[in-house]
Amino acid sequence: MNSLLRPWTPDDAPVVLAAAGEPLMDRQFTFPVDSLPAAREWVALAQARRNEDMAYSFAVLHEGVPVGNVAVSSVERRHLTGWVSYWVREEARGKGLATAACRALSEFAFTELGLFRLELAHRVDNPASCRVALGAGFPVEGVERARLLYDGVRYDTETHARLAGD
């Protein structure tokens, strides 16, 4: 796609496993990624979802090495919408990579996939994720009360969206 993003490959499984082991990163995965086979399964699922036009996940590269993920999922063709998510490993945070990756992903979603509206949300107690969203051109739309549930605790989220014409 460009020098910042590329599709995940099976060779990236060790990076995925290491990322999943960082504090709070388990929340970024839909199932436990606690072994190399589980990391390979996550990569295979990303590839399958791409083939089914359901989701497009990309490794975020820093100096050619995967250090994060950015994705548009819940691709909905009737309304031309998608859901954006992102994460970056601890070692690569604070370098603007997530923001640049979200911008690049947005352009891909609008131009290559023909989507019109991209949405994302983050916990209200995550200001770094908010900075990424705003920096990538996703204005705030509102707060969803008690949307997420982690370890028995409910969290409010702030929603953002970007339109193709923004």
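Leaving aside its neighbours within four places in sequence, which residues is Thr-157 in contact with? In this predicted model, the contacts of Thr-157 outside that window are Ala-121, His-122, Arg-123, Val-124, Gly-142, Val-143, Glu-144, Arg-147 and Leu-148. Thr-157 itself belongs to strand E7, which covers residues 153–163, and with a relative accessible area of 1% the residue is buried. The points below set this residue within the whole fold, and then turn to strand pairing, charged side chains and cysteines.

**Overall fold and dimensions**

- The protein contains 4 helices and 7 strands, and their order, read from the N terminus, is β-α-α-β-β-β-α-β-α-β-β.
- The radius of gyration of the protein is 15 Å, and this agrees with the value near 15 Å that a compact globule of 166 residues would have.
- Taken along the principal axes, the box filled by the C-alpha atoms is roughly 40 × 40 × 30 Å.
- Buried residues make up 44% of the 166 residues of the protein, while the accessible surface comes to about 8,600 Å², with 52% of that area belonging to carbon and sulfur atoms.
- When contacts between residues at least 6 apart in sequence are considered, 57% of them join residues that are at least 24 apart.

**Strand pairing and hairpins**

- Strand E2 (residues 56–62) and strand E3 (residues 65–76) pair in the antiparallel sense over 7 bridges, and within this pairing Ala-59 has Asn-69 of E3 as its bridge partner.
- The hairpin of E2 and E3 has 2 residues between the strands, and Glu-63 in this hairpin takes a positive phi near 55 degrees.
- E3 also pairs with strand E4 (residues 81–88), again in the antiparallel sense and over 7 bridges, with Thr-81 of E4 serving as the bridge partner of Glu-76.
- The hairpin that E3 and E4 form has 4 residues between the strands, and Leu-80, which lies in the turn, has a positive phi of about 60 degrees.

**Salt bridges**

- Side chains of opposite charge can pair when their charged atoms come close, and a search of the whole structure finds 11 salt bridges.
- The side chains of Glu-22 and Arg-89 meet in one of these, at 2.9 Å from N to O; the pair links distant parts of the chain, with Glu-22 in the loop between helix H1 (13–20) and helix H2 (36–51), and Arg-89, 67 residues apart from it, in the loop between E4 and helix H3 (97–111).
- Both partners count as buried, since Glu-22 has a relative accessible area of 9% and Arg-89 has a relative accessibility of 14%, each being under 20%.
- This pair is part of a network of salt bridges in which Glu-22, Arg-89, Glu-91 and Arg-93 are linked.
- Glu-141 and Arg-117 form another salt bridge, in which the closest N and O atoms are 2.5 Å apart; here too the pair links distant parts of the chain, with Glu-141 in strand E6 (residues 140–150) and Arg-117 in strand E5 (residues 117–123), 24 residues apart.
- Glu-141 is partly exposed at a relative accessible area of 47%, and Arg-117 likewise counts as partly exposed, at 22% relative accessibility.
- A salt bridge also joins the side chains of Asp-125 and Arg-123, at 2.8 Å from N to O; Asp-125 counts as partly exposed at 45% relative accessibility, whereas Arg-123, which is among the contacts of Thr-157, is buried with a relative accessible area of 17%.

**Cysteines**

- The count of disulfides in the model comes to 0, and Cys-102 accordingly is in no disulfide, the nearest cysteine sulfur being that of Cys-130, 12 Å away.
- Seen from the other side, the closest cysteine sulfur to that of Cys-130 is in Cys-102, and because the separation is 12 Å, the two are too far apart for a bond.
- Cys-102 is buried, with a relative accessible area of 0%, and Cys-130 is also buried, with a relative accessible area of 15%.

Terms used: Residues are numbered from 1 along each chain as its sequence is written. This is a predicted model: local features need pLDDT of at least 70, side-chain atom pairs count only at pLDDT 80 or more; totals for chains, interfaces and linings use all residues. Side-chain values use heavy atoms; hydrogens and water are left out. Buried means under 20% relative accessible area, exposed over 50%, partly exposed in between (1.4 Å probe, protein chains only). Contact means heavy atoms within 4.5 Å. Two strands pair if DSSP finds at least two bridges between them. A salt bridge is a side-chain nitrogen of Lys or Arg within 4 Å of a carboxyl oxygen of Asp or Glu. The radius of gyration is taken over C-alpha atoms; the globule rule is 2.2 Å times the number of residues to the power 0.38. Accessible areas come from the Shrake-Rupley method with a 1.4 Å probe; for residues, only the protein chains shown count as cover. A disulfide is a pair of cysteine sulfur atoms within 2.5 Å.
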